[in-house]
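User: Please take a close look at the helices of one chain in this model, at how they pack and at the residues that hold the interest there. I would like the criteria stated along with the values.

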Amino acid sequence: MAHDRDVGGIRCLEVLAALPSFLDGDVPADVHARVLCHLQGCTWCAQFGGDYAQTVARLRAILILPQSADAPASGEADEGADGGARLRRLMDALPVYSGE
Amino acid sequence: MPCVPTQDDLRSIDQRDLDDLRDIALGDRVAFARLVSRYERPVLHLARALCAGQRDSADDVLQDTFLSVFQGAHTFRADGSPRAWILTIARHAAAKHLRHTPPPAPSPDPDDATSLASLGAAAGWGEAASPEQLTSDAEQRAALQRALLSLDDTDRLVIGLRDLQGLSGPEAAALAGLPLNTLKTRLHRARLRLMVAMRAGGSPHGS
């Protein structure tokens with residue numbers, strides 16, 4: 001095990017387990033306070049928590065970038081605009097007969 | 001934000017789906033267009049998640065999925081769930097599409113014989129400093145995509161649905177066919193495995 005010490009009333013391994021819920025703001029207030037206190041006192045967990053959060057942020061920030069200058073960002077915005085074109089392509093690609 | 005349909009909504013949608021699938025099996029293109037309009041969004045989310053954010057690949061998967069639905073509607077069993085059937089076709093279409101890309105290295109046991117501590121340690125937990133950062137967006141993007149594509153389907157799916165597509169936990173769980181708590185646990189471990197893969201240059205095994 002890399003490290004596991006009690007800082008702020010919570011151990012490193014518990015912080016590791018709680019990290020995603022903590023970042024989502026999805027932990028009870030007392031757990032949130034203990035994790036926060038731990039991160040302020042444990043350099044290792046603070047470092048790793050930052051890397052973890054940065055990895056998640058990069059997934060959205062980097063992979064969601066439009067892939068060409070005139071393409072809209074992926075996600076909600078382009079679905080409606082592209083949807084009509086996709087349906088047209090699909091209808092054009094359908095075989096004349098099916099299920100026979 | 002997309003909303004989660006209620007059980008009543010789902011029952012009603014299922015009946016419309018059943019009716020449309022029956023008509024599609026007879027070659028009804030209007031019924032097909034209706035079905036596409038209801039399922040384009042979840043299929044696209046699923047495809048983009050499994051294709052690690054590659055827009056063109058996801059569009060190809062969507063196209064293949066609905067063509068398979070049109071051609072295979074007569075094989076659908078009416079006692080099954082149309083939604084589950086369509087999403088399963090989408091997963092198979094994505095798997096087939098990804099076989100045309102460089103094959104991923106074997107991924108760690110998804111059920112996790114590895115403890116959270118061991119997995120965290122492999123991802124850098126407990127180290128004094130982060131590895132050297134890649135500089136450009138292009139490098140980071142390429143490294144993330146390599147790392148994502150090296151993960152197994154379910155890891156890539158849960159990361160894709162939650163982190164790439166930005167779906168809520170319940171929405172992602174419904175699409176992935178996982179209980180919410182399982183999705184949360186799986187997502188955490190999948191992110192850690194992604195960090196392991198990033199440290200190894202895109203493969204969980206450093207190859």
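Analyst: What follows concerns helix packing and aromatic pairs in chain B, with a short account of chain A at the end.

This is a predicted model, in which local features need pLDDT of at least 70 and side-chain atom pairs count only at pLDDT 80 or more, while totals for chains, interfaces and linings use all residues. Residues are numbered from 1 along each chain as its sequence is written, chains are lettered from A and ligands numbered from 1 in the order in which they are written, and side-chain values use heavy atoms, with hydrogens and water left out.

Helices here are DSSP runs of H or I with at least four residues, and strands are runs of E with at least two, numbered from the N terminus. In chain B, helix H7 (residues 153–164) packs against helix H9 (residues 180–199) at an angle of about 100 degrees, and their axes are 9 Å apart. H7(B) is therefore roughly perpendicular to H9(B), a label that covers angles of 65 to 115 degrees. Contact (heavy atoms within 4.5 Å) involves, among others, B:Val158, B:Ile159 and B:Arg162 on the H7(B) side and B:Leu187, B:Ala190 and B:Arg191 on the H9(B) side. By class, this contact has 6 nonpolar, 1 polar and 6 charged residues, where Asp, Glu, Lys and Arg count as charged, Ala, Val, Leu, Ile, Met, Phe, Trp, Tyr, Cys and Pro as nonpolar, and the others as polar.

Turning to the aromatic residues, B:Phe32 in helix H2 (residues 29–50) of chain B and B:Phe66 in helix H3 of chain B are 34 residues apart. Their ring centres lie 6.5 Å apart and their planes at 80 degrees, so the pair is edge-to-face; rings pair if their centres lie within 6.5 Å, and planes over 60 degrees apart count as edge-to-face. Both B:Phe32 and B:Phe66 are buried at 0% relative accessibility, buried meaning under 20% relative accessible area with a 1.4 Å probe and protein chains only. Ring pairs also bring in B:Phe70, which forms a cluster with B:Phe32 and B:Phe66.

Helix H3 (residues 55–72) of chain B also holds B:Gln63, which counts as buried at 17% relative accessibility. Leaving aside neighbours within four places in sequence, B:Gln63 is in contact with A:Arg89, A:Leu90 and A:Ala93.

As for chain A, its 4 helices and 2 strands follow the pattern β-β-α-α-α-α along the sequence, and 38% of its 100 residues count as buried.

Terms used. Axes fitted to C-alpha atoms, helices over the stretch in contact; angles between N-to-C directions. Parallel < 35°, antiparallel > 145°, perpendicular 65-115°, else oblique. Buried < 20%, exposed > 50% of the residue type's maximum accessible area, 1.4 Å probe, protein only. Phe/Tyr/Trp six-rings, centres within 6.5 Å; stacked < 30°, edge-to-face > 60°.
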